[in-house]
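I opened this chain to look up its cross-links, its core, its charged pairs and its helix. My notes are set down in the order in which I went through them.

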Amino acid sequence: QVQLVESGGGSVQAGGSLMLSCAASGDTYSSYCMAWFRQAPGKEREGVAAISARGSATYYADSVKGRFAISRNNAKSTIYLQMNSLKPEDTAMYYCAAVSTNWVRCTPALLRGELNYWGQGTQVTVSS
């Protein structure tokens, strides 16, 4: 079992920055590749970014590449999403997820929405 609690969301103007945090607990957390996905009203869920268990590999959706950065600190059991140059289209509920214990399977699983655990989400609102 992995429990996840997101924080750091809020309202920001376009061009601004936010850092989301995800506090993880559970014995197996550090063996999972972790990810952030988002869901906006009326839109499909989108896998935003993923990071391997040791943090050596990452994946980004084209829509956020160059603007967002995912990282993790396993000693603190925390995953981060640094979001820069935010756009109104980034407005969504952001969720942290434990995806897979196999990095090769992580991105395909994320894109198919095949997640093992996820949190309650944190809202990000970007105004123009």
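The entries below go from the disulfides to the core, the salt bridges, the helix and one glycine, and they concern a predicted model.

**Entry 1: disulfides**

I began with the cysteines and found two disulfides. In the pair Cys22 and Cys96 the sulfur atoms lie 2.2 Å apart, and this link joins distant parts of the chain, with Cys22 in strand β3 (residues 18–25) and Cys96 in strand β9 (residues 92–100), 74 residues apart. The torsion about its S-S bond is -80°, and I noted the link of Cys22 and Cys96 as left-handed. I also looked up the accessibility of both partners, and Cys22 and Cys96 are both buried.

The other disulfide pairs Cys33 with Cys106, their sulfur atoms being 2.0 Å apart. Here, too, distant parts of the chain are tied together, since Cys33 belongs to strand β4 (residues 33–39) and Cys106 to helix α1 (residues 103–112), 73 residues apart. With 100° about the S-S bond, the link of Cys33 and Cys106 is right-handed. Are its two ends buried or exposed? Cys33 has a relative accessible area of 2% and is buried, and Cys106 is buried as well, at 0%.

Counting the bonded cysteines along the chain, I wrote the disulfide pattern down as 1-3, 2-4.

**Entry 2: the nonpolar core**

I turned next to the nonpolar residues, with the general point in mind that nonpolar side chains in soluble globular proteins tend to be buried together. The largest nonpolar core has 42 residues, and those that touch the most other members are Met34, Trp36, Ile79, Leu81, Met83 and Tyr94. Which strand gives the largest share of this core? The answer is β9, with seven residues.

I took Ile79 for a closer look. Apart from neighbours within four places in sequence, Ile79 is in contact with residues including Leu20, Cys22, Met34, Trp36, Ile70 and Cys96, so I had both ends of the disulfide between Cys22 and Cys96 in its surroundings.

**Entry 3: salt bridges**

The structure holds five salt bridges, and I followed some of them in detail. Arg38 is bridged to Glu46, with 2.8 Å between the closest N and O atoms, and also to Asp90, where the closest N and O atoms are 2.9 Å apart. The link of Asp90 and Arg38 spans distant parts of the chain, as Asp90 sits in the loop between β8 (78–83) and β9, Arg38 sits in strand β4, and 52 residues separate them.

I then asked which of these three residues are buried. Arg38 counts as buried because its relative accessible area is 6%, where the cut-off is under 20%. Asp90 is buried at 1%, whereas Glu46 is partly exposed at 26%. Arg38, Glu46, Arg67 and Asp90 together are linked in a network of salt bridges.

I also recorded the salt bridge of Asp62 and Lys65, at 3.1 Å from N to O; Asp62 is exposed, with a relative accessibility of 66%.

**Entry 4: helix α1**

How are the buried residues of α1 arranged around its axis? The buried residues are Cys106, Thr107, Ala109 and Leu110, and seen down the axis they fall within an arc of 170°, so they line one face of the helix. This side packs against β4, β5 (46–51), β6 (58–60) and β9. On the face turned away from the buried side I found the exposed residues Val104, Arg105, Leu111 and Arg112.

I checked both ends as well. At the start of α1, a side-chain oxygen of Asn102 comes within 2.9 Å of the backbone nitrogen of Val104, and after the helix comes Gly113, with a positive phi near 75°.

**Entry 5: Gly8**

My last lookup was Gly8, in the loop between β1 (3–7) and β2 (10–13). Gly8 counts as partly exposed, at 34% relative accessibility. Beyond its neighbours within four places in sequence, Gly8 is in contact with Leu18, Met19, Leu20 and Thr122. Gly8 and Gly121 are 113 residues apart in sequence, and their C-alpha atoms are 10 Å apart in space.

Methods. Residues are numbered from 1 along each chain as its sequence is written. This is a predicted model: local features need pLDDT of at least 70, side-chain atom pairs count only at pLDDT 80 or more; totals for chains, interfaces and linings use all residues. Side-chain values use heavy atoms; hydrogens and water are left out. A disulfide is a pair of cysteine sulfur atoms within 2.5 Å. Helices (H or I, at least four residues) and strands (E, at least two) are DSSP runs, numbered from the N terminus. Buried means under 20% relative accessible area, exposed over 50%, partly exposed in between (1.4 Å probe, protein chains only). A nonpolar core is a set of buried Ala, Val, Leu, Ile, Met, Phe, Trp, Tyr and Cys residues joined through side-chain atoms within 4.5 Å. Contact means heavy atoms within 4.5 Å. A salt bridge is a side-chain nitrogen of Lys or Arg within 4 Å of a carboxyl oxygen of Asp or Glu. The arc is that of the directions from the helix axis to the C-beta atoms. A polar contact is a pair of N or O atoms within 3.5 Å; within protein, one must be able to donate a hydrogen and the other to accept it, and residues adjacent in sequence count only if both atoms are side-chain atoms.
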